[in-house]
Amino acid sequence: MRFAWRAAVGLVLCAAIVAGCKRASDAAGSAAGPTAAAGELKTFPIRGKIVSVDAAKGSVVLDHEAVPGFMDAMTMSYKLKDATVAGELHPGDRITATLLVRKTADGFEDPQLDQIVVTAQARPDYKPAVNYHVPTEGDVVPDFKLVNQNGRTIHMSQFKGRVVLLTFIYTRCPLADYCPRMNKNFAEIEKALEADPKVDKATHLLSISFDPKFDTPAILKSYGGIYAGDTKEKFEHWDFATPTEGQLEAVEQFFDVGVTTGDSGTLNHSLSTAVIGKDGKVRAWYPTNEWTPAEVLAAMKSAAAA
């Protein structure tokens with residue numbers, strides 16, 4: 001199935017941003033695709049409600065909230081890269097997505113929607129193939145089992161008594177604002193925790209890959225070493241792991257991680273980062289890449305002091 005509700009789906013907008021879009025180019029865009037425009041690719045999280053769907057043109061009109069750091073709230077049209085998924089979207093559906101734009105000398109051009117996740121359905125008669133759970137403060141995290149970079153089986157309940165910061169990545173991720181950004185943020189948090197031994201002892205970091213076929217323990221160990229260091233001490237405080245066989249879907253669904261197959265073996269996916277308290281319950285959840293290390297570090301320290 002090419003489209004899963006609350007799963008990330010690659011959708012590309014090839015038309016230029018319409019008049020009124022702050023900081024965007026006023027020039028008309030090309031429908032040739034994302035490679036038609038030169039310039040640095042920028043990504044921004046976007047969320048809103050679908051106003052209309054044009055299956056013939058493979059586009060949707062989206063009434064979206066303000067895009068932090070880029071544009072104000074507005075309603076505008078977005079063209080879909082895979083026109084066939086238009087039949088799976090309906091007016092009134094609420095979605096989150098990644099807005100991709102190319103920054104050129106003239107401004108921002110060729111806006112695109114990627115990593116779309118349907119967060120609420122407008123059609124009550126449509127039964128989703130998968131029901132995803134949205135992490136909420138106080139939710140008890142199941143005792144998921146994982147295999148870490150050392151090939152050792154670990155499970156969530158073993159961290160009871162410590163605050164766990166976890167996120168989702170895969171080692172082949174090509175988008176700098178996705179997995180690499182999560183890793184760099186975690187590395188910054190890890191460094192800050194090392195400077196506070198008391199809090200460091202009461203916390204643990206966990207990066208979970210949703211690509212177990214490729215991300216073997218050996219690959220995770222090499223990859224994790226880039227960010228966390230490959231010493232025993234570092235990996236004792238920050239694990240890189242994959243869910244054990246049969247648990248991948250359950251882990252993704254509990255933490256609201258949508259994953260679908262993209263081009264050339266890549267994976268389209270949403271983001272999910274959570275702070276788990278010492279009691280094994282969700283303390284905070286971050287569904288985008290907009291959180292800062294300082295913000296999350298403060299949440300971890302608060303949880304550790306509780």
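Which side chains meet in a salt bridge at 3.7 Å, N to O? In this predicted model, the pair is arginine 181 and aspartate 177. Neither end is tucked away by the 20% cut-off for burial: arginine 181 comes out as partly exposed at 24% relative accessible area, and aspartate 177 is partly exposed too, at 23%.

That pair belongs to a short list, as a search of the whole structure turns up four salt bridges. Another of them joins the side chains of glutamate 65 and arginine 94, with an N to O distance of 4.0 Å. Glutamate 65 sits in the loop between S2 and strand S3 (74-79), while arginine 94 is in strand S4 (residues 94-104), so this bridge ties together parts that lie 29 residues apart in sequence. Both partners get some exposure: glutamate 65 is partly exposed at 40% relative accessibility, and arginine 94 is partly exposed at 35%.

Then there is the bridge between arginine 172 and aspartate 211, whose side chains meet at 2.8 Å, N to O. Here the link runs from loop to loop: arginine 172 is in the one between strand S8 (163-169) and H1, aspartate 211 in the one between strand S9 (203-209) and helix H3 (217-228), so parts 39 residues apart in sequence are tied together. The two ends fall into separate burial classes, since arginine 172 has 33% relative accessibility and counts as partly exposed, whereas aspartate 211, at 7%, counts as buried.

Now for the helices. H1 (residues 179-194) and H6 (residues 293-305) have axes that come within 9 Å and cross at roughly 50°. That angle is why the two helices count as oblique to each other, and the crossing of H1 past H6 is right-handed. On the H1 side, the contact is made by Asn185, Glu188, Ile189, Ala192 and Leu193, which meet Pro293, Val296, Leu297 and Met300 from H6. Sorted by class, this contact between H1 and H6 has seven nonpolar residues, one polar and one charged.

Back in the strands, histidine 64 has its place in S2 (residues 59-64). With a relative accessible area of 2%, histidine 64 is buried. Leaving aside residues up to four places away in sequence, histidine 64 touches Ile46, Arg47 and Gly48, along with Met71, Asp72, Ala73, Met74, Met76 and Tyr78.

Terms used
Residues are numbered from 1 along each chain as its sequence is written. This is a predicted model: local features need pLDDT of at least 70, side-chain atom pairs count only at pLDDT 80 or more; totals for chains, interfaces and linings use all residues. Side-chain values use heavy atoms; hydrogens and water are left out. Helices (H or I, at least four residues) and strands (E, at least two) are DSSP runs, numbered from the N terminus. Buried means under 20% relative accessible area, exposed over 50%, partly exposed in between (1.4 Å probe, protein chains only). Contact means heavy atoms within 4.5 Å. Axes are lines fitted to C-alpha atoms, for helices over the stretch in contact, and angles run from 0 to 180 degrees between N-to-C directions. Angles under 35 degrees count as roughly parallel, over 145 as roughly antiparallel, 65 to 115 as roughly perpendicular and the rest as oblique. A crossing is left-handed if the near helix is turned anticlockwise from the far one by less than a right angle, and right-handed if clockwise. Ala, Val, Leu, Ile, Met, Phe, Trp, Tyr, Cys and Pro count as nonpolar, Asp, Glu, Lys and Arg as charged, and the others, Gly among them, as polar.
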